[in-house]
Amino acid sequence: MKREIVKFGASVLRQECAPVSEVDSEVRSLVDDLFDSMRAAEGVGLAAPQIGIARRVCVIDVSAQQPDYPPIALINPRIISNEGTQVGEEGCLSFPDLYGDVKRAESVTVEALNLDGETFTTEGSGFYARALQHELDHLNGVLFVDHLSSLKRQLMRSALKRLKKEGEAWQKENS
Ligand code: NI
């Protein structure tokens with residue numbers, strides 16, 4: 001089911017998300033909702049806090065950019081190694097129409113649980129590695145704007161202010 005995507009300003013986006021203790025039907029339905037909401041918004045990744053749920057679950061689909069990487073769901077993911085650096089433009093569904101250059105590792109290896117509750121690893125470079133780092137950040141309450149230069153943040157100031165109001169209003173209604 002498609003869910004509303006929470007905007008910057010909602011405190012759920014700043015929470016340290018709780019690990020999943022058991023991959024049950026509730027978690028699988030959360031993953032379905034993440035995929036549905038991400039696709040409806042034409043995004044390449046979405047994390048549970050972005051639909052208001054502070055659990056360590058996210059989905060990524062960069063298959064349009066990098067056909068070698070199929071859509072993936074990650075439960076309790078953690079980066080186990082990284083290498084190199086890359087700088088590239090990033091956006092986020094919680095920050096509509098805002099983009100900025102973010103420095104990330106060029107390649108990462110991530111360990112996570114799959115929908116059967118089994119541990120697996122996924123590794124990638126380029127855009128996929130960027131998406132992995134962006135989505136994992138969300139699970140720790142870190143947002144892409146935190147990585148921008150202060151000049152860039154300054155330029156975004158009025159847009160961020162507007163978004164923040166929207167996010168705060170959502171949080172008020174939903175807590
Ligand atoms: Ni994001």
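**Close-up 1. The largest pocket of this predicted model holds about 410 Å³ of space.** A pocket here is an open set of points on a 1 Å grid over the protein atoms alone, where a 1.4 Å probe fits and protein lies on both sides within 12 Å along at least five of seven lines. Its volume is the space filled by probe spheres set on the points, which are joined across faces, edges and corners. The lining (residues with an atom within 4 Å of a point) counts 21 residues, and those nearest the centre are Val44, Gly91, Cys92, Leu93 and Tyr99. Helix α2 gives the largest share, six residues, and both β4 and α2 supply at least two each. Helices and strands are DSSP runs (H or I, at least four residues; E, at least two), numbered from the N terminus. Residues are numbered from 1 along each chain as its sequence is written. As the model is predicted, local features need pLDDT of at least 70 and side-chain atom pairs pLDDT 80 or more, while totals for chains, interfaces and linings use all residues; side-chain values use heavy atoms, without hydrogens and water.

**Close-up 2. Cys92 also appears at the nickel ion, together with His134 and His138.** The donor atoms are SG of Cys92 and NE2 of each histidine, lying 2.0 to 2.2 Å from the ion. Donors are N, O and S atoms within 2.8 Å of the metal (3.2 Å for Na, K and Ca); water is not among the atoms, so sites may look incomplete. Along the chain, the donors follow the spacing C-x41-H-x3-H. Cys92 sits in the loop between β4 (86-90) and β5 (100-104), and His134, 42 residues away, belongs to helix α2 (residues 126-139). Both Cys92 and His134 are buried, that is, under 20% relative accessible area with a 1.4 Å probe and protein chains only.

**Close-up 3. Ala105 lies in the loop between β5 and β6 (107-113).** Ala105 is buried because its relative accessible area is 10%. Beyond neighbours within four places in sequence, the contacts of Ala105 (heavy atoms within 4.5 Å) are Asn82, Glu83, Gly84, Thr85, Gln86, Ala129 and Gln133.

**Close-up 4. Helix α1 runs over residues 25-40.** Its end C-alpha atoms are 22 Å apart, which agrees with the 22 Å expected for 16 residues at 1.5 Å a residue, taken as 1.5 Å times one less than the number of residues. Among its buried residues are Val27, Leu30, Leu34 and Met38. The cover over the buried residues of α1 includes β1 (45-47), β2 (57-60) and β3 (72-83). Just after α1, Glu42 takes a positive phi of about 55°.

Methods. Buried < 20%, exposed > 50% of the residue type's maximum accessible area, 1.4 Å probe, protein only.
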